[in-house]
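This report looks at a pocket and at charged contacts between side chains. Please keep the sequence and the model at hand while reading.

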Amino acid sequence: MTQITIHRALNLIKTSTQDLEDKIRNGIFISSVAGDAKVPSDKSFRTFSDLEKRIQSDTDSVDAKLKLIVLLKTAIQKKNLETFVTFSNKQVSITELLAIKSTLEQRSAYLAKLNAQTNRAQLVAETADTSIMQQLEKVEANSREAVLKSLNSLQKVSIVSANSNKSVAERIAELREEINFITNEIDILLSETNISTLIEVDM
């Protein structure tokens with residue numbers, strides 16, 4: 001077994017993938033020969049032996065690169081399940097952190113929707129408050145308290161959201177902080193972890 005850092009493994013995956021794509025694009029895996037003498041149809045090969053060696057070499061190369069990529073990715077994913085970091089004041093595995101990172105687009109859309117609906121609800125509430133005050137101005141001073149109570153019970157607008165122990169403002173602030181972390185810090189954290197974390201692979 002060989003110990004390498006995840007950073008090194010990721011680089012190996014990248015170069016192996018490039019080599020694999022080049023080999024698939026330029027390699028020879030199937031060809032043809034003529035007659036009992038097995039004369040290669042591809043005239044760049046002088047003998048059947050040359051062609052056979054090339055086919056075997058290219059095939060072995062592709063198989064080895066595929067095996068190596070799967071081996072490295074499996075080892076990385078296994079280690080990522082065992083390695084924990086702090087996100088949003090709690091411990092999460094690197095696997096979960098990568099999954100969280102993949103939801104950046106959806107989190108951003110959710111934040112935008114929360115902001116838009118909060119602003120719209122606040123505008124409705126403010127408009128209702130203005131209307132109540134305008135109606136109250138027409139009421140005699142000694143009757144305003146009772147009338148205000150009546151108007152509030154009928155027209156006062158309250159903002160509602162999902163049941164939570166956090167206010168809408170707190171939820172928006174927390175979501176904004178998570179998005180900021182995903183956008184600006186998560187790659188640095190992952191890079192630092194990948195440089196220091198070792199995996200064992202049978203290379």
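Which residues line the largest pocket? In this predicted model, the lining is made up of Thr86, Phe87, Ser88, Asn89, Glu174, Glu177, Glu178 and Phe181, and the space in the largest pocket comes to about 170 Å³. Strand 4 (84-87) and helix 6 (168-184) each contribute at least two residues to this lining, with helix 6 giving the largest share, four residues. By type, the lining residues of the largest pocket comprise two nonpolar, three polar and three charged.

Glu174, one of the lining residues of the largest pocket, also forms a salt bridge with Lys166. The count of salt bridges comes to ten, and three of the pairs, including that one, are set out here.

| Salt bridge | Closest N and O atoms |
|---|---|
| Lys65 and Asp19 | 3.7 Å |
| Lys156 and Asp129 | 2.9 Å |
| Glu174 and Lys166 | 2.5 Å |

Lys65 lies in helix 2 (residues 48-82) and Asp19 in helix 1 (residues 6-26), so their salt bridge ties together parts that are 46 residues apart in sequence. The pair of Lys156 and Asp129 likewise links distant parts of the chain, 27 residues apart, with Lys156 in the loop between helix 5 (144-155) and helix 6, and Asp129 in helix 4 (residues 104-136). Lys156 is partly exposed at 43% relative accessibility, and Asp129 is partly exposed with a relative accessible area of 28%.

Salt bridges also link Lys23, Arg54 and Asp58 in a network. In another kind of contact, the charged end of Lys38 sits over the ring of Phe48, 4.7 Å from the ring centre.

Definitions and conventions:
Residues are numbered from 1 along each chain as its sequence is written. This is a predicted model: local features need pLDDT of at least 70, side-chain atom pairs count only at pLDDT 80 or more; totals for chains, interfaces and linings use all residues. Side-chain values use heavy atoms; hydrogens and water are left out. On a 1 Å grid over the protein atoms alone, a cavity is a set of points where a 1.4 Å probe fits but cannot get out, and a pocket is an open set with protein on both sides within 12 Å along at least five of seven lines; lining residues have an atom within 4 Å of a point. Grid points are joined across faces, edges and corners, and a volume is the space filled by probe spheres set on the points. Ala, Val, Leu, Ile, Met, Phe, Trp, Tyr, Cys and Pro count as nonpolar, Asp, Glu, Lys and Arg as charged, and the others, Gly among them, as polar. A charge sits over a ring if NZ of Lys or CZ of Arg is within 6 Å of the ring centre and within 35 degrees of the ring normal. A salt bridge is a side-chain nitrogen of Lys or Arg within 4 Å of a carboxyl oxygen of Asp or Glu. Buried means under 20% relative accessible area, exposed over 50%, partly exposed in between (1.4 Å probe, protein chains only).
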